[in-house]
Amino acid sequence: MGGRKYFESEIETMDRSNLEKLQMERLQWQLKRCYEESPFYRERFMKAGIKPEDIRSLEEIVRIPPVTKEELREEQLAHPSFGRYTVAPSKDWAELHPSTGTTGVPVNTIWSHRDVKTIASWTARTMWNFGARPGDIVQNAFSYGLWVAGMSTHYATQELKCFVLPIGAAMTERQIDYLLNPGSTVLLCTPSYALHIGERLAQRGISPEDIPLRRGCFGGEGGTEVPATRKKIEEGLGIDAFDYYGLAEIGPTIASECEEKAGLHWVEDHILIEVIDPDTKEISRPGETGVLVMTHLTKEATPMIRYWSNDLAKLTTEKCACGRTHARSIGGILGRADDMIIYKGAKFYPIQVEKVVRSFTELSDEFHIELTTDERMGTDICTVVVEQMAERGDTEILASSLKKGLKEELMVTPEVDIKPLGSLERTTFKAKRLVDNRKK
Ligand SMILES: [Zn+2]
């Protein structure tokens, strides 16, 4: 690829001491305005017995208690419509983006007019990271509307001077038609939907070589960085596949892989990233898995100070081979802290099951993990439900090698249930991997 290497060269390759200086300046600005203009935040500071000026280094931010989604929800119920954590005046508001609300009432976040510009710009950077360039035809199969990712990537395509097809997350046959004509060059969607599109492409007898698509970035759920999943997406669509991450409360698309595929690069000049040990609430050591906690350094309307994401990741500040200095999460998002399964004393996450399932060519891409109760014994049963591709070997032999593979990864052996191809539901949005049918 010719042309310039980075979207914003100076900021993306800034040495870490200057980057941290910039973060500190922006953090002080943000803490001060939240303290002065948001009763929600001021009360939290007062409860912790601190003032914004007491935070004299980036590390000291741990003195401020983290904000959970539950607290934001309660705040909004107590102070409708948007809670008291809106800092910019309402005349500056541009867009409303509630979270998807999988666990109750949605939590509203607001983008001011300036936030829209900032978000478009950092999202454009995350797209440039994986190789989107002016002139690309971007098939945007992220869901549009209230869900954040569709809008932010749409705006970013305009920043990048791409040609966007705002198709959204639906109509798989139409997706394939557009891949053929006009022939999109970049695809954006969830990894499970990318696998589904690949599957349909094969069923329609279209070879990946017959479409001009060259790369795709996949987010909204984990999985792209699972080697076998990445390989399946890449082979199914004939592309280079990259990982993407974001969340409604912080920003839709705040981290993406670069062409080195060496972990998610954060936009650290806009968001301060911490990885926190969920038990001790201390900062995890480099390379240790913990919960991502994020602070807005530039956001105006609904800034988050130490938002507890519940997503698990590792963090390294080592300079990437691409030359960028912003921190990375190698291996991407490693699960949800509340998706942790405790089974017969072992702890594991659905993404680990995915890693094993996807390494079997005899199995389709779909799977789920079902928790039930053994009523006779009163104990939990964990079953990994998968689909066998037609005419791919003996089911019993497959079941025993799958169990063996799962035991190696999870340190415990779940039950397995191998169903015929097509038994499990396909999704165009986020795949639901964990089904809890236990008797409470
Ligand atoms: Zn890189």
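This report walks through some helices, strands, a zinc site and a few unusual backbone spots in a predicted model.

## Helix α8 and what packs over it

Let's start with α8, a helix that runs over residues 191–203. Its 13 residues, at 1.5 Å a residue, should span 18 Å, and the C-alpha atoms at its ends sit 19 Å apart, so the expectation and the model agree.

Many names turn up when you ask which residues of α8 are buried: Pro191, Ser192, Tyr193, Ala194, Leu195, His196, Ile197, Gly198 and Leu201. Who does the covering? Among the elements over these buried residues are the helices α7 (172–180) and α9 (227–237), along with the strands β5 (186–189), β6 (215–218) and β17 (363–374). Once α8 is over, look just after it for glycine 205, whose phi is positive at about 75 degrees.

## Helix α9 and its neighbours

Helix α9 has its own set of buried residues, namely Ala228, Thr229, Arg230, Ile233, Glu234 and Leu237. An arginine and a glutamate are on that list, Arg230 and Glu234.

The cover over the buried part of α9 includes α8, which you have just met, plus β5, β6, β7, β8 and α10 (350–357). The end of α9 also has a glycine to look for: glycine 238 comes just after the helix and takes a positive phi of about 65 degrees.

## Strand β7, with a partner on either hand

Next up is β7, which covers residues 240–247. Is this strand mostly covered or mostly open? Mostly covered, with six of its eight residues buried. One partner of β7 is β6, and these two strands are parallel, with four bridges between them. If you want to find one of the paired positions, look for phenylalanine 218, whose bridge partner in β7 is aspartate 243. To get from β6 to β7 the chain passes through α9, making a β-α-β crossover that is right-handed.

The other pairing to look at is with β8 (residues 251–257), where the strands are antiparallel and three bridges hold the pair. Here tyrosine 244 stands opposite serine 256 of β8. Together β7 and β8 make a hairpin, with three residues between the two strands.

## The zinc site

What holds the zinc ion? Four residues coordinate the ion: Cys258 and His265, through SG and NE2, and Cys320 and Cys322, each through SG, at 2.2 to 2.3 Å. The angles among the four donor atoms run from 101 to 116 degrees, and the site is tetrahedral.

Along the chain, the zinc donors are spaced as C-x6-H-x54-C-x1-C. Two of these donors, cysteine 320 and cysteine 322, are buried.

## A four-strand open sheet

Another piece worth finding is an open sheet of four strands, ordered β10-β11-β12-β14 and paired in the antiparallel sense. Its edges are β10 (271–276) and β14 (335–336), and each of these pairs on one side only.

Zoom in on β10 and its neighbour β11 (residues 290–296), and you'll find six bridges joining the antiparallel pair. One contact point to pick out is isoleucine 276, which has valine 291 in β11 as its bridge partner.

## Unusual spots in the loops

Two cis peptide bonds are worth a stop. One runs from proline 80 to serine 81, with omega near 0 degrees, and serine 81 belongs to the loop between α4 (69–78) and β1 (93–98). Another joins asparagine 181 to proline 182, with omega of about 15 degrees. You'll find proline 182 in the loop between α7 and β5.

Then there are lysines with a positive phi. Lysine 161 has a phi near 60 degrees, even though this residue is not a glycine, and its place is the loop between α6 (148–159) and β4 (163–165). Is lysine 161 buried or exposed? Its relative accessibility is 62%, and exposed means over 50%, so lysine 161 counts as exposed.

Lysine 281 has a positive phi too, about 65 degrees. It lies in the loop that links the strands β10 and β11. Its relative accessibility is 45%, so lysine 281 counts as partly exposed.

Definitions and conventions. Residues are numbered from 1 along each chain as its sequence is written. This is a predicted model: local features need pLDDT of at least 70, side-chain atom pairs count only at pLDDT 80 or more; totals for chains, interfaces and linings use all residues. Side-chain values use heavy atoms; hydrogens and water are left out. The expected span of a helix is 1.5 Å times one less than its number of residues. Buried means under 20% relative accessible area, exposed over 50%, partly exposed in between (1.4 Å probe, protein chains only). Contact means heavy atoms within 4.5 Å. Two strands pair if DSSP finds at least two bridges between them. A crossover is right-handed if, with the strands pointing away from the viewer, the path from the first strand over the helix to the second runs clockwise. Donors are N, O and S atoms within 2.8 Å of the metal (3.2 Å for Na, K and Ca); water is not among the atoms, so sites may look incomplete. Four donors count as tetrahedral if all angles lie between 85 and 135 degrees; four count as square planar and six as octahedral if opposite donors are over 155 degrees apart and all others between 65 and 115; anything else is irregular.
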